[in-house]
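Me: I have a structure open and would like to talk it through. Could you take me over the surface, the overall form and a few individual residues?

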Amino acid sequence: MMSQSNKHLVMSLSYLSLSWALLFWLHFSTEPNIFAHLVAIPSLFMFTGYSAYQIIKKGT
């Protein structure tokens, strides 16, 4: 049986890989827009990374 911290780690990595895959898809599928590509999408990458960190932190 997995420990609580391992469950949070798996959940965090699953969340991160799914959200970053969708953000990469969004980045390459939208037409060039300076705001989207230089502000919005990088901000979403950072926010999802921070959210994944918070999930791991909750498990410890």
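Reply: The protein chain exposes about 4700 Å², and carbon and sulfur atoms supply 74% of that area; accessible areas come from the Shrake-Rupley method with a 1.4 Å probe, and for residues only the protein chains shown count as cover. This is a predicted model, in which local features need pLDDT of at least 70 and side-chain atom pairs count only at pLDDT 80 or more, while totals for chains, interfaces and linings use all residues. Residues are numbered from 1 along each chain as its sequence is written, and side-chain values use heavy atoms, with hydrogens and water left out.

Me: Which residues make the nonpolar surface patch?

Reply: Ile34, Phe35, Leu38 and Val39 make a patch of about 450 Å². Such a patch joins nonpolar side chains (Val, Leu, Ile, Met, Phe, Trp, Tyr) within 5 Å, from residues with over 30% relative accessible area and no salt bridge, that is, no side-chain nitrogen of Lys or Arg within 4 Å of a carboxyl oxygen of Asp or Glu.

Me: And where is Phe35?

Reply: Phe35 is in helix α2, residues 34-59. Phe35 counts as exposed, at 52% relative accessibility (exposed is over 50%, buried under 20%, partly exposed in between, with a 1.4 Å probe and protein chains only).

Me: How many helices and strands are there?

Reply: The protein chain has 2 helices and 0 strands, taken as DSSP runs numbered from the N terminus (helices: H or I, at least four residues; strands: E, at least two). The radius of gyration is 14 Å, well over the 10 Å that the globule rule gives for 60 residues, so the chain is more spread out than a compact globule. That radius is taken over C-alpha atoms, and the rule is 2.2 Å times the number of residues to the power 0.38. The C-alpha atoms fill a box of roughly 45 × 15 × 5 Å along the principal axes.

Me: What share of the residues is buried?

Reply: Buried residues make up 20% of the 60. Ser12, in helix α1 (residues 4-29), is buried, with a relative accessible area of 2%.

Me: What does Ser12 touch?

Reply: Leaving out residues up to four places away in sequence, Ser12 touches Ala52, Tyr53, Ile55 and Ile56, where contact means heavy atoms within 4.5 Å. A polar atom of the Ser12 side chain lies 2.8 Å from the backbone oxygen of Ala52.

Me: Is Val10 buried or exposed?

Reply: Val10, in helix α1, counts as partly exposed at 43% relative accessibility. Val10 and Ile55 are 45 residues apart in sequence and 9.7 Å apart in space, C-alpha to C-alpha.

Technical notes:
A polar contact is a pair of N or O atoms within 3.5 Å; within protein, one must be able to donate a hydrogen and the other to accept it, and residues adjacent in sequence count only if both atoms are side-chain atoms. Patches are made of residues with over 30% relative accessible area and no salt bridge: like charges are joined within 9 Å, nonpolar side chains (Val, Leu, Ile, Met, Phe, Trp, Tyr) within 5 Å.
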